[in-house]
Structures are given as structure tokens and as C-alpha cells.
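Colleague: Could you take me through this model, and tell me how you arrive at the words you use for it?

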Amino acid sequence: IHGFTGSGAVWQRNVPAFADRYRVVVPDLRGHGDSDKPKHGYHVSRLAMDLRELLVHLSGSQNLEGMKVKVIGGSLGCSILWCYAELFATSPFTHTIFVDQSPLQNSTLDGWDSRFCNRGMNSAPAVAALQATLSLKPELAHLGTIAACLSYISHPQESDNISQSTFKEDEEFFLGEAMKGNHEWYGKLMADHTSLDWRDSIASTFGPESGSSTKVLVITSTRSGCFPAEGPLKVVEYVNGGHTATGRASGIAVDWGGHWCYWENPEKFNQLCLGFLA
């Protein structure tokens with residue numbers, strides 16, 4: 001499940017490795033990619049319901065009888081999966097992989113500060129500024145997102161060895177996918193996404209007392225321009241009932257890519273995920 005302004009195509013470097021072992025379904029979210037662009041439904045809950053309807057379609061059963069799914073969510077895709085679990089429980093997911101998403105983007109007065117929240121999109125004024133830029137200069141808004149999501153831009157290292165042609169190809173691809181959507185719709189979706197607090201919900205739906213048997217892997221990055229690694233890794237603690245070392249959830253902070261680590265180093269990402277899913 002891809003993230004904000006993306007499409008199923010962002011997983012193109014990962015699908016072949018997974019397709020060797022699994023049936024792989026890579027949807028474009030409502031309002032993204034080649035999916036329809038309605039003027040309504042810019043809420044994480046609607047996207048979670050879209051996922052439910054997709055699973056019902058694939059299983060041929062309203063109750064998803066006998067269906068077993070292993071799922072990966074990146075960024076916004078994580079929030080969609082947390083919302084799905086709140087609405088429908090964690091089944092039919094046997095394994096879930098959450099890629100670089102904090103359970104709350106906003107900074108709050110209860111101690112959820114810059115150690116955990118989104119680095120930039122963490123308040124109503126920040127969302128309002130993004131909405132204005134999306135309306136007036138959408139390409140500029142998307143270029144800002146790209147810069148935050150690729151580690152060799154947000155947290156460059158001498159060892160990155162990224163050519164100018166690679167940078168331009170990456171930029172053109174992600175900008176092209178983002179420009180397929182309605183920019184006003186994007187802004188409303190981000191307002192909803194940023195305001196949602198999944199901390200207690202994750203503990204309730206995935207935690208030790210939830211009855212869930214779903215295994216969880218959290219992948220974050222020490223070079224993410226979107227989140228400090230401590231934010232996404234909090235999900236491990238919530239799933240494991242306050243513990244980080246024991247339980248059904250594990251987490252890892254990588255340094256071989258940023259928010260879009262699956263794009264920057266697909267070989268390492270695929271190996272990590274396939275080892276967990278086996």
C-alpha cells in the first residue's frame with residue numbers, strides 16, 4: 001500500500017522479488033495514480049474501506065473466509081492499515097510491514113514532540129502552508145516531498161555516489177506520479193492524515209490483549225527526511241505491550257535509504273522483508 005502522492009508503481013523495484021513467492025497485488029489508492037479521482041473520499045477511513053472492498057473482491061467472500069494476506073504499507077499506507085485494523089480487526093493479515101510512518105504526525109503537548117512526530121508536517125499551520133502550495137504551485141510542493149523522502153537529498157553522505165542522471169530520473173518519476181492526482185484533494189487528505197492519532201488504537205488492535213496473532217515488522221530509517229526513527233519504532237512498543245524486545249513486533253532502523261528506502265536500495269529491502277515474511 002503506497003503513500004501520499006504515490007502510486008503502485010513506486011513498488012516496481014520490489015514486485016519481481018515478491019512475485020517469485022507470492023501473488024502480489026499493488027493497488028493505486030483512490031485519488032492517486034491511475035485510479036479514479038473523485039471529489040470525495042479524502043479520508044484515511046475511506047481508503048481503509050477501499051482496501052476492505054478490494055479484499056472482499058479478491059476473496060469472493062464478504063467475511064474473507066480462509067483468506068491469508070501478508071501486507072506492506074509505506075507512510076500513509078501504514079495509517080490505512082491501522083485504520084483497517086480499528087474498523088475490521090487485524091485479520092486476514094498474518095504479517096504486516098510498516099515502512100517509516102509515525103503513529104501520530106502532529107506534535108502534541110503530551111510529550112509527543114520532535115523526537116517522534118513528522119519533521120515538518122506536524123501542525124495545522126504546516127498543513128495549511130502545504131495546501132496553499134499545492135493549490136498555487138503543485139510542482140514545488142511535490143519537489144519538496146521528493147527531497148524529504150530520498151535520503152541522498154535529505155541526509156546526503158559521501159558514499160551515496162548518486163549521479164545527476166539518477167537524481168533526475170528519480171525526480172521525474174515521482175513528480176510524474178504525484179501530478180496525476182488532484183492537488184486540492186491531496187491537501188484535504190493530508191489534513192486528515194496528519195491529525196489522526198493511532199497510538200492507543202495500535203495497542204488496542206495489535207497489542208497483547210487484542211487477541212491478534214498478526215506479526216509486525218517496522219522498518220524506519222536514520223536518514224529519513226520525514227521522521228526521526230524513534231517515532232515509527234514506537235509502534236513496536238505499542239504492539240508488544242510496552243516492550244521493545246519481546247513480542248510479535250520487531251523493528252529496524254536502516255541507513256541504506258530514507259523514507260523511500262524500498263526504492264533506494266530494493267535489494268536490501270526485499271531481502272529484509274522476505275526474511276520476515278517466510
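Modeller: Gladly; here are the helix contacts, the open and closed spaces, and two backbone details, in a model that is predicted.

Colleague: Let's start with helix packing. What makes α4 and α5 oblique to each other?

Modeller: Helix α4 covers residues 124-136 and helix α5 covers residues 138-149, and the two pack at an angle of about 130° with their axes 5 Å apart. Angles over 145 degrees count as roughly antiparallel and 65 to 115 as roughly perpendicular, with oblique as the word for the rest. The angle of about 130° falls in none of the named ranges, so α4 and α5 are oblique.

Colleague: Which residues make that contact?

Modeller: From α4 come Leu 130, Thr 133, Leu 134, Ser 135 and Leu 136, and from α5 come Pro 138, Leu 140, Ala 141 and His 142. Sorted by class, the contact of α4 with α5 has 6 nonpolar residues, 3 polar ones and no charged ones.

Colleague: And why are α5 and α7 called oblique?

Modeller: The reasoning follows the angle again. α5 and α7 (164-178) pack at about 130°, with their axes 10 Å apart. Roughly antiparallel would need an angle over 145 degrees, so α5 and α7 are oblique to each other. The crossing of α5 past α7 is right-handed.

Colleague: What does each helix bring to the contact of α5 with α7?

Modeller: Glu 139, His 142, Leu 143 and Ile 146 belong to α5, while Glu 171, Phe 174, Leu 175 and Ala 178 belong to α7. The contact of α5 with α7 divides into 5 nonpolar, 1 polar and 2 charged residues. The two glutamates named above are the charged ones, because Glu counts as charged.

Colleague: Why is α2 described as roughly perpendicular to α3?

Modeller: α2 and α3 pack at an angle of about 75°, and their axes are 8 Å apart. The range for roughly perpendicular is 65 to 115 degrees, and that makes α2 roughly perpendicular to α3. On the α2 side, the contact includes Val 44, Leu 47, Leu 51 and Leu 55; on the α3 side, among them are Leu 76, Ile 80, Tyr 84 and Phe 88. By class, the contact of α2 with α3 has 13 nonpolar, 2 polar and 1 charged residues.

Colleague: Now the spaces. What makes a space a cavity and not a pocket?

Modeller: A cavity is a set of points where a 1.4 Å probe fits but cannot get out, whereas a pocket is an open set. In the whole structure, the search finds 1 cavity of 30 Å³ or more. About 30 Å³ of space lies in the largest cavity, and its lining is Gly 3, Gly 74, Ser 75, Val 99, His 259, Trp 260 and Tyr 262.

Colleague: How do you know that the lining of the largest cavity has 3 nonpolar and 4 polar residues?

Modeller: Val, Trp and Tyr count as nonpolar, and Gly counts as polar. Val 99, Trp 260 and Tyr 262 are therefore nonpolar, while Gly 3, Gly 74, Ser 75 and His 259 are therefore polar. No charged residue is in that lining.

Colleague: What lines the largest pocket?

Modeller: The largest pocket holds about 680 Å³ of space. It has 24 lining residues, and the closest to its centre are Arg 23, Val 24, Val 25, Val 69 and Lys 70. α2 gives the most to this lining, with 5 residues. By class the lining of the largest pocket has 19 nonpolar, 2 polar and 3 charged residues.

Colleague: And the second largest pocket, how do its residues divide?

Modeller: They divide into 17 nonpolar, 17 polar and no charged. About 500 Å³ of space lies in the second largest pocket. Its lining has 34 residues, with Phe 4, Thr 145, Cys 149, Met 190 and Cys 226 nearest the centre. α5 gives the most to this lining, with 8 residues.

Colleague: Last, the backbone. Which peptide bond is cis?

Modeller: The bond joining Ser 91 and Pro 92 is cis, with omega at about 10°. Pro 92 sits in the loop between α3 (76-88) and β2 (93-99).

Colleague: What is notable about the phi of Ser 75?

Modeller: Its phi is positive, about 60°, although Ser 75 is not a glycine. Ser 75 lies in the loop between β1 and α3, and it is also one of the residues that line the largest cavity.

Key:
Residues are numbered from 1 along each chain as its sequence is written. This is a predicted model: local features need pLDDT of at least 70, side-chain atom pairs count only at pLDDT 80 or more; totals for chains, interfaces and linings use all residues. Side-chain values use heavy atoms; hydrogens and water are left out. Axes are lines fitted to C-alpha atoms, for helices over the stretch in contact, and angles run from 0 to 180 degrees between N-to-C directions. Helices (H or I, at least four residues) and strands (E, at least two) are DSSP runs, numbered from the N terminus. Angles under 35 degrees count as roughly parallel, over 145 as roughly antiparallel, 65 to 115 as roughly perpendicular and the rest as oblique. Contact means heavy atoms within 4.5 Å. On a 1 Å grid over the protein atoms alone, a cavity is a set of points where a 1.4 Å probe fits but cannot get out, and a pocket is an open set with protein on both sides within 12 Å along at least five of seven lines; lining residues have an atom within 4 Å of a point. Grid points are joined across faces, edges and corners, and a volume is the space filled by probe spheres set on the points. A crossing is left-handed if the near helix is turned anticlockwise from the far one by less than a right angle, and right-handed if clockwise.
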